[in-house]
Amino acid sequence: MSEMANESTGRAQQAGQTAKQEASATVGQAREGASRVAGTATDQVRAVTGEARAQAGAMAGDLRTRVTEEAESQTRRGAQVVREWADDLSGLADSADADSPARSLVSQAADRGHRAADYLDERGVGGLMDDVQDFARRRPGAFLGTAVVAGFAVGRLAKAGSKAGGNGSGRSAPPRPTTQSLSGDAAPQLPGHGEA
């Protein structure tokens, strides 16, 4: 009987050891699987993050290119307008009397306008911004004063332009009612003014 008990105990111990080994192997496989899943998830997060960064960089580059192109286009248009004004001033100077002091001033303004237009065509926005930054670094007080004067001038021009645009429709203002007619009859009643 004791042999049977020993044999049963041995089998039980062997079965316990086998179960332990299988449990250990299962735990190891589970750890390995979890590690693989975590590694895959980390790789996917890195890939998505990298793709998002690349797309954001591409969008920023595209936006920068568009802004630069628009600024260059506006600068070319500005140079063209300045050149047209300078040409008009040259025409005025040519038609003025030879001994007129205004002719000299208009001619100088036309010359400066042509030089400004050439400068804008040659240097573009980048050169203009570099020169403005350089001037602001060298003479900050003069830069601020110039900015204030330029802002005031632009504001006045915009205000004058809006007034001219509002009155330039070709229609005259409607006649205002008068309180006394020319024939001496009773004055018409204005809204809100009842008879006394």
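How many salt bridges does the count come to in this structure? The count comes to six salt bridges, and several of them are described below, after an outline of the chain and of helix α2. The model is a predicted one, and every value given here was computed from its atoms.

## The chain as a whole

The secondary structure of the protein chain comes to three helices and zero strands, so that, by the DSSP runs on which this assignment rests, the elements follow one another from the N terminus as α-α-α. The protein chain has 196 residues, of which 6% count as buried. Its accessible surface comes to about 16100 Å², and carbon and sulfur atoms account for 57% of that area. When contacts between residues at least 6 apart in sequence are considered, 46% of them join residues at least 24 apart.

## Helix α2 and its kink

Helix α2 covers residues 101-138, and its end C-alpha atoms are only 35 Å apart, whereas a straight helix of 38 residues would span 56 Å at 1.5 Å a residue. Where along α2 is the kink centred? The kink, of about 100°, is centred on Gly124, and Gly124 also belongs to the buried residues of this helix, together with Ala110, Gly113, Ala117, Leu120, Val125 and Gly127. At the N-terminal end of α2, Ser100 acts as the cap, with a side-chain oxygen lying 3.2 Å from the backbone nitrogen of Ala102.

## Contacts made from helix α1

Two buried residues of helix α1 show which parts of the chain meet it. Thr75 is found in helix α1 and has a relative accessible area of 12%; Thr75 therefore counts as buried, the cut-off being under 20%. Apart from its neighbours within four places in sequence, Thr75 is in contact with Leu120, Gly124 and Val125; in α2, Leu120, Gly124 and Val125 are buried as well, and Gly124 is the residue on which the kink is centred.

Ala93 is likewise placed in helix α1, and its relative accessible area of 3% makes Ala93 buried. Once the neighbours within four places in sequence are set aside, the contacts of Ala93 are with Arg103, Val106 and Ser107. The C-alpha atoms of Ala93 and Arg103 are separated by 4.9 Å, although these two residues are 10 residues apart along the chain.

## Salt bridges

The table lists some of the six salt bridges, with the separation between nitrogen and oxygen for each pair.

| Pair | N to O separation |
|---|---|
| Arg83 and Asp121 | 3.0 Å |
| Arg115 and Asp111 | 3.3 Å |
| Asp134 and Arg138 | 3.2 Å |

In the pair formed by Arg83 and Asp121, the closest N and O atoms are 3.0 Å apart. This pair links distant parts of the chain, since Arg83 lies in helix α1 (residues 2-95) and Asp121 in helix α2, 38 residues apart. Are the two partners buried or partly exposed? Arg83 is partly exposed, at a relative accessible area of 25%, and Asp121 is also partly exposed, at 42%.

Arg115 and Asp111, by contrast with a pair that links two helices, both lie in helix α2, where they are four residues apart, or about one turn of the helix. Arg115 counts as exposed because its relative accessibility is 51%, with the cut-off for exposed set at over 50%, while Asp111, at 40% relative accessibility, counts as partly exposed.

Asp134 and Arg138 are separated by about one helical turn because they stand four residues apart in helix α2, and the closest N and O atoms of their salt bridge are 3.2 Å apart. Of these two partners, Asp134 is partly exposed, with a relative accessibility of 34%, whereas Arg138 is exposed, with a relative accessible area of 54%. Salt bridges that share partners also join Arg83, Asp118 and Asp121 into one network.

How values were computed. Residues numbered from 1 in each chain as written. Predicted model: local features only at pLDDT ≥ 70, side-chain atom pairs only at ≥ 80, totals over all residues. Heavy atoms only, no water. Expected span 1.5 Å × (residues − 1). Bend = angle between axes of the 7 residues up to and from the residue. Buried < 20%, exposed > 50% of the residue type's maximum accessible area, 1.4 Å probe, protein only. Polar contact = N/O pair within 3.5 Å; in protein donor to acceptor, adjacent residues only side chain to side chain. Salt bridge = Lys/Arg side-chain N within 4 Å of Asp/Glu carboxyl O. Contact = heavy atoms within 4.5 Å. Areas by Shrake-Rupley, 256 points an atom, 1.4 Å probe, with all protein chains shown as cover.
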